[in-house]
There are 2 protein chains.
Amino acid sequence: MNSQNSNLQDKLSEYYSSIFEKELIDDIIKVGRFESIESGNLLIDIGQDLTHIPLILSGVVKIMRQENEDEELALYYLERGDTCAISFVNCIDHKRSIFRGIVEKDVEVVFLPVEVIDDWLQKHKTWRRFIIDSYHLRLLEMVDAIDGLAFMKLKNRMLKYLIEKVKITQENILDITHQEIANDLNSSRVVVSRMLKQLEQENKIEMRRNKIIIESF
Amino acid sequence: MNSQNSNLQDKLSEYYSSIFEKELIDDIIKVGRFESIESGNLLIDIGQDLTHIPLILSGVVKIMRQENEDEELALYYLERGDTCAISFVNCIDHKRSIFRGIVEKDVEVVFLPVEVIDDWLQKHKTWRRFIIDSYHLRLLEMVDAIDGLAFMKLKNRMLKYLIEKVKITQENILDITHQEIANDLNSSRVVVSRMLKQLEQENKIEMRRNKIIIESF
DNA sequence: TTCGATGTGTAACTAAAGTTACAGAGAATA
DNA sequence: TATTCTCTGTAACTTTAGTTACACATCGAA
């Protein structure tokens, strides 16, 4: 085990010791594969075989749904303490992922092999709670996505998207292009520019090249 | 315990004995409250306190999301073997429901008090699997709803809705008005009539007063 | 049979979002 | 500095969906 991994182990303990019992943390260290993945890479892709589930130690992963080549939609973000719960039963059933997970901010992650999961559910109460909570949180975020798509106009959906992004990045100056926003919202660049201009006129944002400053959040 | 309830117990055993171990079924009978609810009534409403989770023995419940007075959206249906998994953690946390559940076809249901749930997760392997599976199924249905909203035109979304309805009712002659469809899709009656006419011209459906016959499913 | 309630058809219009096309600004690099 | 690439602004137009308004059909109850 190299020094980078033992560093990751420290991070695991640091955050998760308040959530998981010591025995569980020991188990995770025993069987988990620690990895660092740089921004821009895929954590998981649609159709990919799920043999491990990821436990995020740091960084941000954007979870997307993709219909085809040029139709996609950002759903939610994974941060420290999150796992892609949907991969869980998929794992057990040896199914394939229905999401793409793109690393937005370099992540440190532990991959846990599917075999241990079910065992841990029985063995560790905190693990049980963690998995159920994960499912629940994702479910709530899905409902949020549905509300946005069903009930909101694009302009407000976009503002919501921007504000969410501010929360995730901890930074109210977003480093993003109109095209990227359009991709995440399954809209088009021209429309996004139009709406952004309106938001700017309402003093909710300010625009710079490659940047958007969110005033109200 | 009256005769109706012992009848419901039979139904419980009948279907669930292949899923749950005998001890679990006994536990359910011990603490569950058996009930029959007629079509048109609410199984659960948004904001309602969740002290029990429902286990459907027969019938159909439509789960909806509501934004306000006249904005709502049908999400999915619960049938025999289903539970409203989202109510699960809500229960534990004493939260309130974020869904409405309307009985579409008279249901028979067992209500299980929240207190026993966590205990059973540890005690019964099949219960654990059941709860996780429930979350997972709902999650998949949400993704389906998202795909529909994000990527499909209303006409096709409506056809999908109608076909889903055929599956649920086991009946390709649907007893439904244009207004009801509009409500479930968060659209308007006039638009629905328009699209239905198009679908009819494409020979995918036939229209009658209060009825729609689905040809292709 | 009449009347009212409910359901459907359709036209005309409006609103929201997407598309095409092109101009021009800013940054990066030769 | 000139050239190229990426990003943004905007006009003009199309498509999709929602709204308003009204006619007419069907059904059941008075």
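Me: How many residues does the contact take from chain A and from chain B?

Reply: Quick caveat: this is a predicted model, so local features need pLDDT of at least 70, side-chain atom pairs count only at pLDDT 80 or more, and totals for chains, interfaces and linings use all residues. Residues are numbered from 1 along each chain as written, chains are lettered from A and ligands numbered from 1 in written order, and side-chain values use heavy atoms, leaving out hydrogens and water. With contact meaning heavy atoms within 4.5 Å, the tally is 37 residues from chain A and 37 residues from chain B.

Me: Which residue of chain A meets Arg65(B) in a salt bridge?

Reply: A salt bridge here is a side-chain nitrogen of Lys or Arg within 4 Å of a carboxyl oxygen of Asp or Glu. The rule finds four across the interface of chain A and chain B. In one of them, at 2.8 Å from N to O, the partner of Arg65(B) is Asp147(A).

Me: What polar side-chain atom lies 2.7 Å from a phosphate oxygen of DNA strand C?

Reply: Taking near as a heavy atom within 4 Å, there are 19 residues around DNA strand C, with Leu154(A) and Arg189(B) among those that come nearest. Polar contacts are N or O pairs within 3.5 Å (within protein, one must be able to donate a hydrogen and the other to accept it, and residues adjacent in sequence count only if both atoms are side-chain atoms). Leu154(A) uses a polar backbone atom, 2.7 Å from a phosphate oxygen. The side-chain atom you're after belongs to Ser187(A).
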